[in-house]
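Here are my notes on this one, written as numbered points so you can follow along in your viewer. Shout if anything is unclear.

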Amino acid sequence: MSDETSSEGGKQRSYRLNNAAVPARPLEPALYLVATPIGNLGDITLRALETLAGADVLACEDTRVTRVLLDRYGIQNRPYAYHEYNADEVGPKLLQALAGGRSVALVSDAGTPLVSDPGYRLAVQAIEAGYRVVPIPGASAPLAALVGSGLPNDAFFFAGFLPAKDKARRDRLAALVEVPATLIFFESPHRIAATLKAGADVLGATRKASVCRELTKTFEEFRRGTLTDLAAYYAGVDNVKGEIVLLVAPPEEVTTTEADVEALLTDLSKTMPTAKASAEAARLTGLSKRDLYQRLLEMKARPE
């Protein structure tokens, strides 16, 4: 990172709003994690603009993507690429800039840095080295999807991307069956149908869900329904496009009596091994698979 990125190198610290130049104050030395729009460039915050314009060093995933945002707001700061493929080379240079008392701003291609993003590594390194890390909040795809989904938002669990292979995907979903919160996933367009099918099979056919596509963009879409309904719909769509956030409602609370549980376990154990019967009972009742497994063992140990 050369000195041309700093004010001493002659770069103008300002941004443009309604064709008026707004001066940007120099920043204190720190790593600034700046949220950028996830689609609509109008969703940038004033604080983010001032940070992008005032930082001594600006790091981003893809300079071409960030350049579009900078040009929109007349920011002349030069972006440098920092991503998973060059982190070993560029990361130390950014830390060196911090060591030299300079301000470093980090952005991802869209949304909040560090969320399913290579910037996490740099932030951890900066914290461990004792440098100040400052979040500049703003757009976030998981939160935008959550508030528009119509699903419960008092508790949510962001699970990132699911595995690409079917078995690993289903195993991961199975580990989340009992989480008492709305589940939030990122998913690719070409895998959404398979993921919804796996979700219906593992999480429950009647679990409510929402597929949020192209958030804040021209063709923004929220499609809501049960996992079964959504799986059937996307199975019939040949070419799904756009970035997708998938949300799945928490498991419904079911009041089940002791007699009901024992009757269910008895019925399932007639055709299934103990482990599988307890797992199926857990899926149907929302109760702990471990507790149901132990209960079924105790039932089998009772004298006739």
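1. Let's start with Thr216, with the caveat that this is a predicted model. Thr216 has a relative accessible area of 23%, so it counts as partly exposed, the cut-off for buried being under 20%. You'll find Thr216 in the loop between β10 and β11. Its backbone deserves a look: phi is near 70°, a positive value in a residue other than glycine. As a reminder, most residues other than glycine have a negative phi.

2. Glu214 sits in that loop between β10 and β11 too, and it also has a positive phi, about 55°, although it is not a glycine. Is Glu214 buried or exposed? Its relative accessible area is 16%, so Glu214 is buried, as anything under 20% is. Which residues does Glu214 touch, not counting those up to four places away in sequence? They are Phe219, Glu220, Gly242 and Glu243.

3. Glu243 takes us to the largest pocket, since Glu243 is one of the lining residues closest to its centre, together with Ala110, Ala141, Phe161 and Phe186. The volume of this pocket is about 560 Å³, and 23 residues line it. By class, the lining splits into 11 nonpolar, 7 charged and 5 polar residues. As for secondary structure, α5 (141-149), β9 and β12 each supply at least two lining residues.

4. Now the aromatics. A search of the whole structure turns up 3 aromatic pairs. One of them is Phe158 with Phe186, an edge-to-face pair at 5.0 Å centre to centre and 70° between the planes. This pair ties together distant parts of the chain: Phe158 is in strand β8 (residues 156-161) and Phe186 in strand β9, 28 residues apart. How do the two partners compare in exposure? Phe158 is partly exposed, at 29% relative accessible area, whereas Phe186 is buried, at 13%. Add Phe161 and you have one aromatic cluster made of Phe158, Phe161 and Phe186. Phe161 and Phe186 also turn up among the residues closest to the centre of the largest pocket.

5. Next, the packing. The largest nonpolar core has 25 residues, and those with the most contacts inside it are Phe185, Ile192, Leu196, Val211 and Val248. The elements that give it two or more residues are β9 (182-187), α7 (192-203), β10 (208-213), α8 (227-235) and β12 (244-248). Which element gives the most to this core? That is α7, with 6 residues. Apart from this core lies another, of 21 residues, among them Ala30, Ile44, Ala55 and Leu58.

6. Phe185 is a good residue to centre your view on. Not counting residues up to four places away in sequence, Phe185 touches Ala159, Gly160, Leu162, Leu173, Leu176, Ile244, Val245, Leu246 and Val248. Val248 is, like Phe185, among the residues with the most contacts inside the largest core.

7. Helix α5 has a residue worth a click: Ser149. With a relative accessible area of 2%, Ser149 is buried. Leaving aside neighbours within four places in sequence, Ser149 is in contact with Ser210, Phe222, Arg224 and Leu247.

8. Then comes Asn153, in the loop between α5 and β8. Asn153 is partly exposed, with a relative accessible area of 45%. If you want a distance to check, the C-alpha atoms of Asn153 and Leu143 are separated by 9.3 Å, with the two positions 10 residues apart along the chain counted as their spacing.

9. Last, helix α1 (residues 46-54). How many of its 9 residues are buried? The count is 7, so the helix is mostly covered, with under 20% relative accessible area as the test for each residue. The buried ones are Ala48, Leu49, Glu50, Thr51, Leu52, Ala53 and Gly54.

How values were computed
Residues are numbered from 1 along each chain as its sequence is written. This is a predicted model: local features need pLDDT of at least 70, side-chain atom pairs count only at pLDDT 80 or more; totals for chains, interfaces and linings use all residues. Side-chain values use heavy atoms; hydrogens and water are left out. A nonpolar core is a set of buried Ala, Val, Leu, Ile, Met, Phe, Trp, Tyr and Cys residues joined through side-chain atoms within 4.5 Å. Buried means under 20% relative accessible area, exposed over 50%, partly exposed in between (1.4 Å probe, protein chains only). Helices (H or I, at least four residues) and strands (E, at least two) are DSSP runs, numbered from the N terminus. Contact means heavy atoms within 4.5 Å. On a 1 Å grid over the protein atoms alone, a cavity is a set of points where a 1.4 Å probe fits but cannot get out, and a pocket is an open set with protein on both sides within 12 Å along at least five of seven lines; lining residues have an atom within 4 Å of a point. Grid points are joined across faces, edges and corners, and a volume is the space filled by probe spheres set on the points. Ala, Val, Leu, Ile, Met, Phe, Trp, Tyr, Cys and Pro count as nonpolar, Asp, Glu, Lys and Arg as charged, and the others, Gly among them, as polar. Rings of Phe, Tyr and Trp (its six-membered ring) pair if their centres lie within 6.5 Å; planes under 30 degrees apart count as stacked, over 60 as edge-to-face and the rest as tilted.
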